[in-house]
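Let's take a walk around a ligand and the protein that holds it. Have the model open and follow along.

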Amino acid sequence: MTSLIITIDGPAASGKSTAARLLAEMLGASFLDTGAMYRAVTLAAMRATVNMRDEKQLLSVIEKYEFRFEAEQGQMAVYINGEDVTKQIRKPEVTANARYIASSAKMREKLVEMQRQFAAGEEKIVTEGRDQGTVAFPNADVKFYLTAEVDERARRRQAEVGGNLENIQKAIEQRDKSDEGRTVGPLRPAGDAIVIDTTDLTIEEVAEKLLCRIEEKLPKRNRK
Ligand code: C5P
């Protein structure tokens, strides 16, 4: 039985993954990176050479492959049919193709189901993505939505993975457009989400802020 669910949504490179990991550590909670789930299914679909625009073929990938997600320190480990693909799912071609999975209503349904299953096995969970507070966990205890100026997000991504700043910013802008524009599970803050602009904050400051807001909303005795 899950006693605490914290959701963190926001656009690419808004700081949600790192903040979610730090926060999970502070709370002694598990951490779920739902983007890694989209990436894993994308990689499996690429390997199966299915037509990315064909929902039926995409669904067959979920049936045929076994996906496993393990909350490890620092990062979520991802396995496809027992093979560790934690690094491969971060490749730019996987990032670019994830939009096909993300814009399919049936695939989103399956992934939300996987997310709820994962959470059901944890006592406390910090889960991050695009639709965690709006669709996956509408009754979460506390919901956050992190934003940051796009040029700052591009700088952060460049510091992480290297590459040309202008190209990185363009790719982020494209992903924002596709995440915000889709009809199913679009990127937007839940009505009851606490919105935090992280542009001028360090990651530690972000995590501290989240913890403060949780303490304000949920007195300690209610948090176990
Ligand atoms: O967060 P990350 O960049 O790893 O996510 C990869 C892609 O998966 C995103 O571009 C987004 O389109 C999609 N995604 C989503 N819903 C989520 C998490 C990720 O649509 N909850």
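What follows goes from the pocket to the shell of residues and then to individual contacts.

Keep in mind that this is a predicted model. Start with the ligand, which sits in the largest pocket. Around the ligand you'll find 15 residues, and the closest of them are R39, R108, D131, R175 and D179.

So where does that shell come from? Three elements, α2 (34-47), α4 (92-102) and α8 (165-181), each give two or more residues to the shell. The largest share, four residues, belongs to α2. Step back to the domain level, and you'll see that domain 1 (1-29 + 124-217) and domain 2 (33-122) each supply at least three residues of the shell.

What about chemistry? Sorted by class, the shell holds eight charged residues, along with four polar and three nonpolar ones.

Now zoom in on the polar side chains. D179 has a side-chain N or O atom 2.6 Å from an oxygen atom of the ligand. With D131, the ligand partner is a nitrogen atom, 2.8 Å from a polar side-chain atom of that residue. T34 also faces a ligand nitrogen atom, with an N or O atom of its side chain 3.0 Å away.

Finally, look at how much of the ligand is covered: on its own it has 450 Å² of accessible area, and the protein covers 96% of that.

Note on methods: Residues numbered from 1 in each chain as written. Predicted model: local features only at pLDDT ≥ 70, side-chain atom pairs only at ≥ 80, totals over all residues. Heavy atoms only, no water. Near = heavy atom within 4 Å. Polar contact = N/O pair within 3.5 Å; in protein donor to acceptor, adjacent residues only side chain to side chain. Areas by Shrake-Rupley, 256 points an atom, 1.4 Å probe, with all protein chains shown as cover. 1 Å grid on protein atoms, 1.4 Å probe; cavity = no way out; pocket = protein on both sides within 12 Å on 5 of 7 lines; lining within 4 Å. Sits in = over half its atoms within 2 Å of the grid points. Nonpolar A, V, L, I, M, F, W, Y, C, P; charged D, E, K, R; others polar. Domains from an automatic or database assignment.
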